[in-house]
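Subject: Structure for you to look at, with notes

Dear colleague,

I am handing over the structure below, and my notes on it follow directly after. Please read them with the model open beside you.

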Amino acid sequence: IYYQERGFSLNDSFLNNLDLYTPDEKLNYVAYLLADVNSISIKVAKYAGTDKCDLIENKEYGYCSLIKATLRILDKLDVENKTFTKITGSAQRLQRDMINKTALREALINAIVHNDYTKEVAPVVEIYADRLSITSYGGLVQGLSEDEFFAGRSMPRNRELMRVFRDLELVEQLGSGIHRILSVYNKDIFKISDNFLEICFPLE
């Protein structure tokens with residue numbers, strides 16, 4: 001459906017062209033992630049304070065195609081990223097978002113596309129009173145240093161998944177998302193460990 005909406009013509013070799021088959025002609029794990037039904041769910045949790053003690057909302061977006069889940073979460077974050085409006089003395093409205101919309105979108109999509117799904121661990125979005133964090137599993141791809149990461153060098157962990165997201169115009173070019181985030185925020189919003197990569201946006 002998403003491909004047809006973008007004007008792609010589908011034929012019998014469609015799935016094969018997207019590299020969604022194994023060498024023995026069985027659908028691979030990326031095909032499973034994109035299927036209408038799967039066991040992957042991305043959680044969006046909301047807390048009353050600045051820690052995890054008081055959970056006030058816990059929603060799951062998944063058990064469906066990662067494309068559908070991504071679009072639903074983007075809609076959810078758009079609602080959470082409230083715009084503050086101030087009426088100035090000249091009767092003009094000054095509006096701003098708590099988090100830069102472009103940076104937030106890039107952070108979520110990067111987390112989903114570059115997540116390591118081999119252990120069926122999905123990204124997590126957590127909203128606190130003072131920040132919003134997006135955590136993906138897998139850390140940096142082996143062979144990619146932090147300096148290279150921040151320079152916008154890209155080594156896609158899920159090449160086939162990246163291809164689909166690019167076809168559907170959810171991502172543009174490799175490495176561009178980091179540049180968009182760093183054009184607005186400092187590097188210190190990133191927390192990188194061996195197993196996880198977290199982006200933590202302050203709510204301003």
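To begin with the helix that I would look at before anything else, 10 of the 14 residues of α5 are buried, so this helix is largely enclosed by the rest of the structure. Please keep in mind throughout that this is a predicted model. The buried residues of α5 are Ala103, Leu104, Glu106, Ala107, Leu108, Ile109, Asn110, Ala111, Ile112 and Val113, a list that includes Glu106 and Asn110 alongside residues such as Leu108 and Ile109. Helix α5 itself covers residues 101-114 and spans 20 Å from its first C-alpha to its last, close to the 20 Å expected at 1.5 Å a residue. Its N-terminal end is capped by asparagine 100, which places a side-chain oxygen 3.1 Å from the backbone nitrogen of threonine 102.

What does α5 lie across? The helix lies across β1, β5, β6 and β8 (196-202), and it runs at about 20° to β6. These strands belong to an open sheet of 6 strands with mixed pairing, in the order β2-β1-β5-β6-β8-β7. At the edges stand β2 (55-62) and β7 (190-192), each of which has a single partner strand, so one side of each is left without a neighbour in the sheet. On average, and with direction ignored, neighbouring strands of this sheet are turned by 15° against each other. Helix α4 (residues 66-80) also packs on the sheet, where it touches β1 (41-47), β2, β5 and β6, and its direction makes about 150° with that of β2. Within the sheet, β5 (residues 124-127) and β6 (residues 131-137) pair in the antiparallel sense over 4 bridges, and valine 124 stands opposite threonine 135 in β6.

The packing of α5 against α7 deserves its own paragraph. The axes of these two helices, α5 and α7, come within 9 Å and cross at roughly 145°. On the α5 side the contact is made by Ile109, Ile112, Val113 and His114, which meet Leu161, Met162 and Phe165 in α7. The residues of this contact divide into 6 nonpolar, 1 polar and no charged. For α7, the buried residues are Glu160, Leu161, Met162, Val164, Phe165 and Asp167, and what covers them includes α1 (2-5), α3 (29-34), α4 and α5.

Asparagine 158 is placed in the loop between α6 (146-150) and α7 (159-167). Is this asparagine 158 buried or exposed? With a relative accessible area of 13%, asparagine 158 falls under the 20% limit, so it counts as buried. Not counting residues up to four places away in sequence, asparagine 158 touches Val113, His114, Asn115 and Tyr117. A polar atom of its side chain lies 2.8 Å from the backbone oxygen of asparagine 115.

Lysine 52, in the loop between β1 and β2, has a relative accessibility of 53%, which is over 50%, and therefore counts as exposed. Once its neighbours within four places in sequence are left aside, lysine 52 is in contact with Tyr47, Glu126 and Tyr128. Its side chain is joined to that of glutamate 126 by a polar contact of 3.1 Å. The C-alpha atoms of lysine 52 and tyrosine 128 are separated by 8.2 Å, although these residues are 76 residues apart along the chain.

Finally, some backbone angles are worth checking by eye. Most residues other than glycine have a negative phi. Tyrosine 63, in the loop between β2 and α4, has a positive phi near 60°, and this residue is partly exposed, with a relative accessible area of 44%. Glutamate 120, in the loop between α5 and β5, likewise has a positive phi, near 55°, and counts as partly exposed at 43% relative accessibility. Glutamate 169, just after α7, takes a positive phi of about 60°.

With best wishes

Note on methods
Residues numbered from 1 in each chain as written. Predicted model: local features only at pLDDT ≥ 70, side-chain atom pairs only at ≥ 80, totals over all residues. Heavy atoms only, no water. Expected span 1.5 Å × (residues − 1). Buried < 20%, exposed > 50% of the residue type's maximum accessible area, 1.4 Å probe, protein only. Polar contact = N/O pair within 3.5 Å; in protein donor to acceptor, adjacent residues only side chain to side chain. Contact = heavy atoms within 4.5 Å. Pairing = 2+ DSSP bridges. Axes fitted to C-alpha atoms, helices over the stretch in contact; angles between N-to-C directions. Nonpolar A, V, L, I, M, F, W, Y, C, P; charged D, E, K, R; others polar.
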